[in-house]
Amino acid sequence: SFVAELTAADGYAGTVDITAGSVGGYYPVSVNEVGYGVWLYLCTADEIAAHTAYDTALGQNQTPPNCTATVTITGSNSREDGISVTSVQELQAALADPTVGIIRLADDLQLTQTLSLTGGSATIDLNGNTLSAGSGVQKIFELSNGARLSLRNGEIQGSGTTDDHAAVTASGAHLAMTDVQISGLGTGVLIHDDTKTTETGSTIYITDCVVETAQQALWIYGNKNTDQTRTHVVVEGSTLNGVGYAGILCNGTYSGTDIRISDSTVKGLYTSIYHPQHNSTLTIENSKLYGFTGLVVKGGTVTVTDTFVQATATASDQLQAPQINGNGWSDTGDGIYLEANYSEDGAISLTVTNCTVSSLASLAIRQYPLDGVSDVTFTVVSGNFSSYASSAASAPDGFDAKTQIAGYLATGSTARDNPNDPDNPKLCTVVTGTATE
């Protein structure tokens with residue numbers, strides 16, 4: 001019961017049931033089909049005592065006891081069952097054959113129609129080649145009804161830059177994409193779980209990829225679920241660039257998403273990420289975000305840690321005043337813009353820890369409105385924040401954008417009370433000039 005209670009509040013879907021068994025002493029928390037992800041390890045009393053003694057010795061500047069470790073590596077020669085394809089017809093035949101393992105491209109291929117997977121699974125190794133869309137082909141892959149696609153090691157090129165031109169569309173499907181470059185399209189991956197026919201939402205893994213598109217790199221419609229069946233998106237070690245609109249674009253009507261971004265760069269013309277959906281989570285760690293307005297939050301639970309956020313709007317750009325928008329957001333030019341109470345559907349929580357946030361034309365961080373809002377928790381724990389000094393002229397009465405952020409952050413040794421932590425108001429530092437990466 002202790003483990004179940006602990007893991008119920010760890011930010012991951014579901015709980016860990018230790019009675020189900022472990023893998024080498026480790027219990028899966030959030031793990032993909034190849035065992036990559038988050039695991040739980042329960043220390044023994046002896047291990048806790050040994051590490052406590054070690055840490056105590058370090059703290060007292062004593063010579064800690066010597067520790068030894070034994071690493072055993074085992075391996076065997078193996079061959080992945082699969083076939084090599086040299087034509088679109090061979091690729092289509094391989095996708096239709098459930099006995100085929102890995103499908104490897106022997107050369108560049110250009111499609112004359114969309115590759116659709118309705119159920120079933122497939123693994124495609126692009127093998128350093130390019131899979132492109134011919135004239136009139138809007139979608140490269142279309143996944144639905146529980147289909148599972150693993151795509152790796154190559155390039156995807158489209159033939160159109162409007163919204164409906166996409167590398168992959170997924171509805172109740174699974175996509176694992178590794179070391180893939182996507183270009184020449186309006187949208188990189190479009191998740192349409194509002195139209196899914198399966199019980200669970202899509203699960204999307206994007207690892208070590210570069211997705212640069214004319215509109216948005218990721219476009220996400222959730223499935224409105226709030227449990228483990230919600231839509232899951234994991235981005236690791238990747239670069240997402242929505243050249244004409246947003247890096248990641250979400251929909252406020254279709255909530256029920258869990259988005260996790262780590263060690264990645266997300267860029268968009270107007271914002272890096274637009275997150276309006278309630279009953280959803282967005283976790284950003286050790287990443288870089290760029291956009292006219294750096295990050296826009298209107299719903300859900302958002303946690304940003306160890307991340308650089310840069311609003312790219314300049315003092316000569318035409319900024320929009322903050323306002324409550326039923327659809328979209330105001331181009332305020334802020335580093336992080338939290339729009340509160342645009343909807344009554346759920347609470348909003350935004351936590352910023354150890355981040356560098358900068359605006360070249362407006363405020364580093366803004367919550368609008370500050371007064372008369374409910375179910376909003378905005379906590380800034382630590383970091384460096386740079387606002388454009390002249391923006392104070394258009395800020396609310398009594399608000400000095402050069403020395404205060406969102407009306408309550410600290411600056412140096414002179415601090416206003418932080419309403420989220422009145423006992424410890426001096427946690428943040430405001431710096432003048434442009435923040436550095």
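Biologist: What do you call Asp 258 and Arg 260, buried or exposed?

Modeller: Both Asp 258 and Arg 260 are buried. Buried means under 20% relative accessible area, exposed over 50%, and partly exposed in between, using a 1.4 Å probe and protein chains only. This is a predicted model, where local features need pLDDT of at least 70 and side-chain atom pairs count only at pLDDT 80 or more, while totals for chains, interfaces and linings use all residues. Residues are numbered from 1 along each chain as its sequence is written, and side-chain values use heavy atoms, with hydrogens and water left out.

Biologist: What makes the contact between Asp 258 and Arg 260 a salt bridge?

Modeller: A salt bridge needs a side-chain nitrogen of Lys or Arg within 4 Å of a carboxyl oxygen of Asp or Glu. The N to O distance between Asp 258 and Arg 260 is 2.9 Å, so the pair meets that definition. The structure holds 5 salt bridges.

Biologist: Which residue forms a salt bridge with Lys 298?

Modeller: That is Glu 339, with the closest N and O atoms 3.6 Å apart. The pair links distant parts of the chain, 41 residues apart: Glu 339 is in strand β28 (residues 336-339), and Lys 298 is in the loop between β25 (293-297) and β26 (300-305). Helices (H or I, at least four residues) and strands (E, at least two) are DSSP runs, numbered from the N terminus.

Biologist: Why does Glu 339 count as buried?

Modeller: Glu 339 counts as buried because its relative accessibility is 0%. Lys 298 is buried as well, also at 0%.

Biologist: How do you know that Arg 366 and Asp 334 meet in a salt bridge?

Modeller: Their N to O distance is 2.6 Å, and that falls within the salt-bridge limit. Arg 366 lies in strand β31 and Asp 334 in the loop between β27 (308-311) and β28, 32 residues apart, linking distant parts of the chain. Arg 366 counts as buried at 13% relative accessibility, and Asp 334 is buried at 0%.

Biologist: Why does Arg 230 have no salt bridge?

Modeller: The nearest side chain of opposite charge, Asp 258, is 5.4 Å away from the buried Arg 230. That distance is outside the limit, so no salt bridge is counted. For charge, Lys and Arg count as positive and Asp and Glu as negative, while His and the chain ends are not counted.

Biologist: Where is Arg 230, and what does its side chain reach?

Modeller: Arg 230 sits in the loop between β16 (216-221) and β17 (231-236). Its side chain reaches the backbone oxygen of Thr 257 at 3.3 Å. Leaving aside neighbours within four places in sequence, Arg 230 is in contact (heavy atoms within 4.5 Å) with residues including Gly 201, Asn 223, Asp 258 and Thr 281.

Biologist: What makes β16 mostly covered?

Modeller: In β16, 6 of its 6 residues are buried. Strands β13 and β16 run parallel and are joined by 5 bridges; His 192 has Tyr 221 in β16 as its bridge partner. Strand β19 (residues 246-250) also pairs with β16 in the parallel sense, over 4 bridges, and there Gln 216 is partnered by Ala 246.

Biologist: How do you know that β11 and β13 pair?

Modeller: Two strands pair if DSSP finds at least two bridges between them. Strand β11 (residues 166-171) and strand β13 (residues 187-192) have 4 bridges in the parallel sense, so they qualify. One bridge joins Ala 166 to Thr 187 in β13.

Biologist: Which sheet has β6 and β31 in its strand order?

Modeller: An open sheet of 10 strands, ordered β6-β9-β11-β13-β16-β19-β22-β25-β28-β31 with parallel pairing. Strands β6 (115-118) and β31 (365-368) stand at the edges because each has a single partner strand, so one side of each lacks a neighbour in the sheet.

Biologist: What makes the phi of Asp 179 worth a look?

Modeller: Most residues other than glycine have a negative phi. Asp 179 is not a glycine, yet its phi is positive, about 55°. This residue lies in strand β12 (residues 174-183). Asn 286, in the loop between β23 (281-285) and β24 (288-291), has a positive phi too, near 50°.

Biologist: Why do Asp 179 and Asn 286 count as partly exposed?

Modeller: Asp 179 has a relative accessible area of 34% and Asn 286 is at 47%, so both values fall in the in-between range.

Key. A polar contact is a pair of N or O atoms within 3.5 Å; within protein, one must be able to donate a hydrogen and the other to accept it, and residues adjacent in sequence count only if both atoms are side-chain atoms.
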